[in-house]
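Biologist: I would like to go through the terms used for this model. Please set each value against its cut-off.

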Amino acid sequence: MFVYLSGRNVRALFTIESQELVDTITHFGYLVFLLLTGVKIDVNMVLLTGKNGLYTGVASLVVPLLFGLGGVVRIGADRGLPKRSKLALVNFVALQSITPFPIVACLLDDLKILNSQLGRLGLSAALVSDMLSMFLQLITTLAIGGVEGGRPGQAVVKFAGVLLYLAFIIKVIRPAMNWIIRRTPEGRPVKNVYVYAILLYFIASTVMFQLVGISTFLAPFFLGLAIPDGPPLGASLVEKLDCFTSGVLLPLFITTRVMKANFLKINFSSEFLQVSGIITAIVVVAKFIGSMIPSMVLKLPKRDMLALAFIMSSKGVVDLVAVSFVRDNKILTDDIYSFMVVVFLATAIITPYGVKYFYDPSRKYAGYQRRNVLHLKPNAELRIVSTIHRPDNVAAILNLVDATCPTKERTVALYGLHIIELVGRASPLFISHRMQKRTLIKSSYSDNIIAAFSHYEHDHWEAVSANVYTALSPPRSMHEDICMLALNKLASLIVLPFHRKWSEDGSLESEDKKLRTLNSSVLEWAPCSVGILVDRGRLGGSDLLGPSAESPLRVAMIYIGGTDDREALTLAKRMAHGTNITLDVVHITHHSDKGISDWEKMYDSEILKDVKNGSIGSRNVSYREEMVDDGPNTALLIRPMANEYDLIIVGRRQMEASPQTLGLHEWSEFPELGVIGDLLATTDITGSFSVL
C-alpha cells in the first residue's frame, strides 16, 4: 500500500493544496503529542535514576554517536565524499543514535512490562538518553545554523533565548500550574477555563518559536514538563487531548510522512546509499553493545541485558518525525529518506519480538515454592498483602485481619497496597511510605489509608506490623505490583476486594469490570494463596471486634474437601483462637464419601480431626456434618446461612467431579470465586454478611 502510495501516485491522488492542508493539521497534532509527552514525564525520575539507568542512558547515546561519527570520518576520507554528503551522514548517525522516551514507554506498555523491574530500568535509561540527546541536538542545531549562516552571534542569541524561555517556564509557568492545582478541590476535575488557557499559551509559544527561527518542537515539550504529571491537571489534559491526538492526528501524521517516501527509487547500487548502509550497521551494533556495557559491569542477568539492549534500540513515530524534518530541510535526499523509513520500520517490527524472547516476566516465579497458610508453623507470623482500591476497602481489610486474632505470640504482618490507575503520566510509580525519604508527589494519594493503618498498628502494638505502599500502574499490569510485593515480602496470603460493591442494606451498589480482570490476573500469577473478600456490608462496619462490639463475630467455614478447602479451614482455625469469635465448621458430605478411599480424603480427615474432637483450644468452635445428594441440595442448605453469620469462609476450588456441587457449575456467574463462593455472591441472596 505504501509502496504504491508514493512519489507520482501521491501527487495524482492528492492535490498540492490538500497535501499542505493535511500536513498543517498533522503537524499541529504532533505538537500536541509533544505537549502530552512532556506532561506525562516525571522530571524527578532523572534525579532519582539509579546507576544502571543513568549509565545505560548515557552509553546508549554516546557509544553509537562516537562509533558512527568515527565511521563517517574514516569512510568519508577513503571515498572522498563531498561536504554535503558528510553532513547528511552526521545527521543520519544522530537520528539512529537517539532513544525516544515516548517510544520506549509505548513499547513497554504494549508488552505489559511497564512496571516490571526491567521496564522501570528501561524507562529511566530512555529518559536520561532522551534528555541528553535533546540538549546535544539543541546545541548542535544552533551552532550549525550560526556557522552556515555566517552569523555565530545569532546562534548565541537564539541559545540565550531558549535559556530565558526555560527560566520563564520554571519561575512563572510552573508556579501558575501549582496555583491551578491548589484552587482545584480534591477529587474534582480542573475547570475547563484553565485547560483552554494552557492550550492558548501552547499555541502562542509555538508561534513565537517559529517567528524567531527556533525549532517549534521545543516549546510544547518544555511547556509539558512544567505541568505536574498525574491528577488533577496533567490527567485532565491527557483525558481531553490524548484520545483524539493518538487515535486520529498521530496515525494520520505517520501516514503522510511515510507516503512521502518513494520506495521504488531506492537505488542500492548508489555509492552514497551503500555508505549509509554501512554506517547504519555500525550505529545499530554500537548502540546495542553500548546499551549492554553498564549492565555487564553491574552484572545484570544476560537475558535481561539483551532485552534491555533491544528496548534501547526501539524506533517509532518520534524517529520518523525527526528524519522527515531533516528531509524537509533538504539535508537528506529522497532515496536516503526512504531507506531510513525502511530501517525504522524493520527495527519497530523486530524490537518487540526480541524483548519478548529474552525477557519473561513470569520467570521470577519459576522454582519458587508457593507459600500458603496451611504449611505455616503453629505460631509463625502470618504475612498478608491486601490491595485497596477504594476508601471503603480499608475497614473491611482491617476487620478481617483483626479476625485472625493477632497476638504477641502469633503476630501478623500486614502490607497494604493502594492501587491507583496510571493517568496523566508515562512512568509507573511504586512508593513505600514507611521508607520514603524523598517526596515524589506533594500530596500523597494514600494519606487516609496510611493514617488508618498506623492507628491500627498502634492499637495492636507488637502484635501487628502494618506497612502501606502506593502503586500507580496501568490496569493491565497492576497484578505485577501485587505479585511482586507478595514475592518480596514472603507473604502467605493475598486478599483482594471483590469487584462488586454492596450498600449497608445488602443491595448491589456498583460493579467494576477492571477490578474483576485484575483479580483474575492475580489468581493466575500469585506466588501464594489468594483470597477474594466479598464484603456485603458486614466487615465494612466499624469496630466489629473491639471492646464496643455488641456481640461476637459469627464465622462459618463451609468444608467440602480439596486443597483450597483445607487452606480455608486452616485460616478459620487461626480465627478460632479469639474469644470474641464463634466458628461453625459445616462439613458437607455425600453418601459416597464413607470410608477413606484416596489420599485427598485422608488429608481431609486429618485436618478435620482436631475440629471434630474440639481440641482447637476454644469453646466457641462447633462442627457438624450435613449430607446432601447433589448441587441443588447444597444450595438449599447454604442459602439460609447468609442471615446466620457475619463472615463465611469457603475454598475456591473443590474436588473435581464432587457430587456435592453437581449441577451448580452451569449456573456459575463468577468462576474466580468457585462454585460455593459464586452462590453466596449472587444478587439472589440478600443480607449484610461477608464472604472470603
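Modeller: Helix α14 is mostly covered, with nine of its twelve residues buried. Buried means under 20% relative accessible area, exposed over 50% and partly exposed in between, with a 1.4 Å probe and protein chains only. This is a predicted model, in which local features need pLDDT of at least 70, side-chain atom pairs count only at pLDDT 80 or more, and totals for chains, interfaces and linings use all residues. Residues are numbered from 1 along each chain as its sequence is written, and side-chain values use heavy atoms, leaving out hydrogens and water.

Biologist: Which residues of α14 are buried?

Modeller: V317, V318, D319, L320, V321, V323, S324, V326 and R327.

Biologist: What makes α14 agree with the span expected at 1.5 Å a residue?

Modeller: The expected span is 1.5 Å times one less than the number of residues. For the twelve residues of α14 (residues 317-328) that should be 16 Å, and the end C-alpha atoms are 16 Å apart, so the two agree. Helices here are DSSP runs of H or I with at least four residues, and strands are runs of E with at least two, numbered from the N terminus.

Biologist: Where is the kink in α21 centred?

Modeller: On I607, with a value of about 35 degrees. The bend at a residue is the angle between axes fitted to the seven residues ending there and the seven starting there. I607 is also one of the buried residues of α21, along with K601, D604, L608 and V611.

Biologist: Why is the pair of F498 and F670 called edge-to-face?

Modeller: Rings of Phe, Tyr and Trp (its six-membered ring) pair if their centres lie within 6.5 Å; planes under 30 degrees apart count as stacked, over 60 as edge-to-face and the rest as tilted. F498 and F670 are 5.3 Å centre to centre with 85 degrees between the planes, which fits edge-to-face. F498 lies in the loop between β5 and β6 and F670 in the loop between β12 and α23, so the pair ties together parts 172 residues apart in sequence. Both F498 and F670 are buried.

Biologist: How do you know that R303 lies over the face of Y357?

Modeller: A charge sits over a ring if NZ of Lys or CZ of Arg is within 6 Å of the ring centre and within 35 degrees of the ring normal. R303 is at 5.5 Å from the ring centre of Y357 and lies over its face. Y357 also belongs to an aromatic cluster with F288, F310 and F358.
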